[in-house]
Amino acid sequence: MNKLIVMLWIGLVGLVSCNAKPDAEKDHDQLITSQSIDSKTAKIILEQQEDIVLIDVRTAEEFALGHLSGAKNIDFNQPDFEERLKALDTDQKYMLYCAVGGRSGKALKIMENIGFKTVYNVAEGEGFKQLREQGIPIQQGDN
């Protein structure tokens with residue numbers, strides 16, 4: 001009888017310990033919300049959530065030719081790109097875009113690794129042109 005109790009106890013302890021995640025991993029899984037979206041969904045999100053920071057990861061030259069109103073330019077191709085992302089508030093909500101979604105998709109992965117909590121990426125095949133076609137306000141220049 002004692003052997004049976006000991007074996008059940010060992011089995012229970014083993015089962016619980018195999019399913020347990022370290023606290024840091026639990027927090028990471030619960031807090032990060034990142035997703036790729038199309039331009040129509042981007043417009044809806046921007047209309048419903050005023051606190052989203054737009055990040056245009058195109059070059060300064062592309063940005064100056066036209067960008068979403070209020071967007072911040074952080075050029076993906078610059079050597080200090082990741083450092084500039086690390087300087088941002090990881091608790092803030094962000095939406096990334098570029099010309100067609102390639103650079104912003106890569107930027108999304110970097111932001112996930114840094115630990116940003118909420119990041120939307122305008123997906124591959126979508127980008128500035130499609131966002132503009134949705135009627136999202138545009139401005140020109142470096143602002």
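Visitor: If contact means heavy atoms within 4.5 Å, which residues does Ile 55 touch, not counting those up to four places away in sequence?

Guide: This is a predicted model, where local features need pLDDT of at least 70 and side-chain atom pairs count only at 80 or more, while totals for chains, interfaces and linings use all residues. Residues are numbered from 1 along each chain as its sequence is written, and side-chain values use heavy atoms, leaving out hydrogens and water. With those close neighbours in sequence set aside, Ile 55 touches Lys 72, Ile 74, Leu 88, Tyr 94, Met 95, Leu 96, Tyr 97 and Met 111.

Visitor: Which element gives the most to the largest nonpolar core?

Guide: A nonpolar core is a set of buried Ala, Val, Leu, Ile, Met, Phe, Trp, Tyr and Cys residues joined through side-chain atoms within 4.5 Å (buried: under 20% relative accessible area; exposed: over 50%; partly exposed: in between; 1.4 Å probe, protein chains only). The largest one here has 16 residues, and Ile 55, Leu 88 and Met 111 are among those touching the most other members. At least two residues each come from α5 (81-86), β5 (93-97) and α6 (102-114), elements being DSSP runs numbered from the N terminus (helices H or I, at least four residues; strands E, at least two). The top supplier, with four residues, is α6.

Visitor: How far apart are the end C-alpha atoms of α6?

Guide: Let's start from the expected span, 1.5 Å times one less than the number of residues. For the 13 residues of α6 that gives 18 Å, which agrees with the distance in the model: 19 Å.

Visitor: Is Lys 109, which pairs with Glu 112, buried, exposed or partly exposed?

Guide: The two form a salt bridge (a side-chain nitrogen of Lys or Arg within 4 Å of a carboxyl oxygen of Asp or Glu), with the closest N and O atoms 3.9 Å apart. Both sit in α6, three residues apart, about one turn of the helix. Glu 112 is one of the buried residues of α6. Lys 109, because its relative accessibility is 49%, counts as partly exposed.

Visitor: Where in the chain is Lys 117, the partner of Asp 91?

Guide: Their side chains meet in a salt bridge, 3.4 Å from N to O. The pair links distant parts of the chain, 26 residues apart: Asp 91 is in the loop between α5 and β5, and Lys 117 is in the loop between α6 and β6 (118-122).

Visitor: How many salt bridges are there?

Guide: Another one joins Arg 58 and Asp 56, at 2.7 Å from N to O, and both of those residues are buried. By the rule above, the count of salt bridges comes to seven.

Note on methods. Contact means heavy atoms within 4.5 Å.
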